[in-house]
Amino acid sequence: MSSKQGQPKISVIIPVLHLRRPSNPKRFFMPQYSIIEVLNDLKKQKNENLSLEIIVICNGQQEELTQLIRTQTVIDKYVLNSINVGVARSWNMGAQLAEGEALCFLNDDVSVGPGSLRTLYDQLFSSEPIAQVGPKGAIWKGAQHDRFVGVERVEDADAIAGYCFMLKTEPFRRLGGFDVAYSPAGFEEIDFSFTLRKAGYRCLVVPHLNIHHYHHHGVSAYKTQINYLSTSIDTETLHQRNKKYFCNKWGLVDVD
């Protein structure tokens with residue numbers, strides 16, 4: 001289970017589209033977090049004697065962004081895509097490059113405080129049936145979460161939130177990775193939690209971690225257009241499309 005010299009080996013996979021995300025016009029006053037701050041957080045984690053490899057999947061074409069990725073020494077591996085391939089494909093690409101025994105999928109708008117990744121790693125490998133952990137998760141009813149769990153203690157969840165979660169590499173690869181039918185984004189992380197639980201694994205929420213998601217400027221926070229592959233879709237249509245696919249795949253009834 002352990003890497004060389006007894007240190008954990010975690011592959012952190014970060015898809016990125018913008019150097020700094022476009023501001024949500026309705027939440028312009030809310031603070032933002034960027035790939036620059038995320039990499040600084042992870043550099044500190046490496047300095048904690050935590051064995052990490054950092055993998056960035058770049059779907060954007062801004063010169064400042066691609067230059068940053070090429071020159072940041074904290075990044076161990078990267079992919080520069082010529083188009084936006086979406087979240088599920090980006091995560092799968094990162095996992096294919098990964099050499100860690102754990103895969104940590106991290107948004108580029110999440111702050112990661114000291115000790116957080118080690119705590120997630122230790123919880124992940126505390127029991128054989130556990131395959132996924134994260135700082136937030138929920139019990140689901142139909143195609144939406146019914147209630148959050150793991151607020152005060154470690155608890156099982158139906159699904160772990162997608163902004164930060166960690167998986168054991170072996171079951172991830174054996175179960176085939178993320179379903180790209182959800183591209184460009186939405187429900188792919190929920191879908192994989194369902195896949196893990198169907199295979200007999202547990203998904204756990206680990207509370208009180210120094211991890212914060214600056215979600216107000218994410219594409220799911222407001223209506224906008226997303227360009228990906230050779231097409232385009234607005235976030236509202238995308239949500240309804242992916243929710244329908246999710247329900248059909250898992251035999252669920254939409255409770256809306």
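Me: How much accessible surface does the chain have, and what share of it belongs to carbon and sulfur atoms?
Reply: Happy to start there, keeping in mind that this is a predicted model. The accessible surface of the chain adds up to about 12,100 Å². The share from carbon and sulfur atoms is 49%.

Me: What percentage of the residues in the chain are buried?
Reply: A residue counts as buried when its relative accessible area is under 20%. The chain has 256 residues, with 7 helices and 15 strands. The buried share of those 256 residues is 53%.

Me: Which residues have the most contacts inside the largest nonpolar core?
Reply: In soluble globular proteins, nonpolar side chains tend to be buried together. Here the largest such core has 40 residues. Another core, of 22 residues, lies apart from it and includes F172 and F192. Inside the largest core, the residues with the most contacts are I10, L117 and M166.

Me: Which residues does I10 touch, not counting those up to four places away in sequence?
Reply: Let's follow I10, one of the residues with the most contacts in the largest core. Setting aside residues up to four places away in sequence, its partners are L50, S51, L52, E53, A102, C104, L117, Y121 and M166.

Me: Which side chains make polar contacts with the side chain of K77?
Reply: K77 sits in strand 3, residues 77–80. Beyond its neighbours within four places in sequence, K77 is in contact with E53, I54, I55, V56, L97, A98 and E99. Its side chain has a polar contact at 3.0 Å with the side chain of E53, and another at 2.7 Å with the side chain of E99.

Me: Why do the buried residues of helix 7 lie on the same side?
Reply: An α-helix has 3.6 residues a turn, so residues three or four places apart point the same way. In helix 7, the buried residues are T235, L238, N242, K243, F246 and C247. They share one side of helix 7 because the arc they cover around the axis is only 160°.

Me: Which residues are exposed on the other side of helix 7?
Reply: The buried residues of helix 7 pack against strand 7, helix 6, strand 14 and strand 15. On the other side of helix 7, the exposed residues are K244 and N248.

Me: Which residue caps the N-terminal end of helix 7?
Reply: Helix 7 spans residues 235–250, and G251, with a positive phi near 65°, follows it. At the N-terminal end, a side-chain oxygen lies 3.1 Å from the backbone nitrogen of E236. The residue providing that oxygen, and so the cap, is D234.

Note on methods:
Residues numbered from 1 in each chain as written. Predicted model: local features only at pLDDT ≥ 70, side-chain atom pairs only at ≥ 80, totals over all residues. Heavy atoms only, no water. Helix = DSSP H or I, 4+ residues; strand = E, 2+ residues; numbered from the N terminus. Expected span 1.5 Å × (residues − 1). Buried < 20%, exposed > 50% of the residue type's maximum accessible area, 1.4 Å probe, protein only. Arc of directions from axis to C-beta. Contact = heavy atoms within 4.5 Å. Polar contact = N/O pair within 3.5 Å; in protein donor to acceptor, adjacent residues only side chain to side chain. Areas by Shrake-Rupley, 256 points an atom, 1.4 Å probe, with all protein chains shown as cover. Core = buried A, V, L, I, M, F, W, Y, C linked by side-chain atoms within 4.5 Å.
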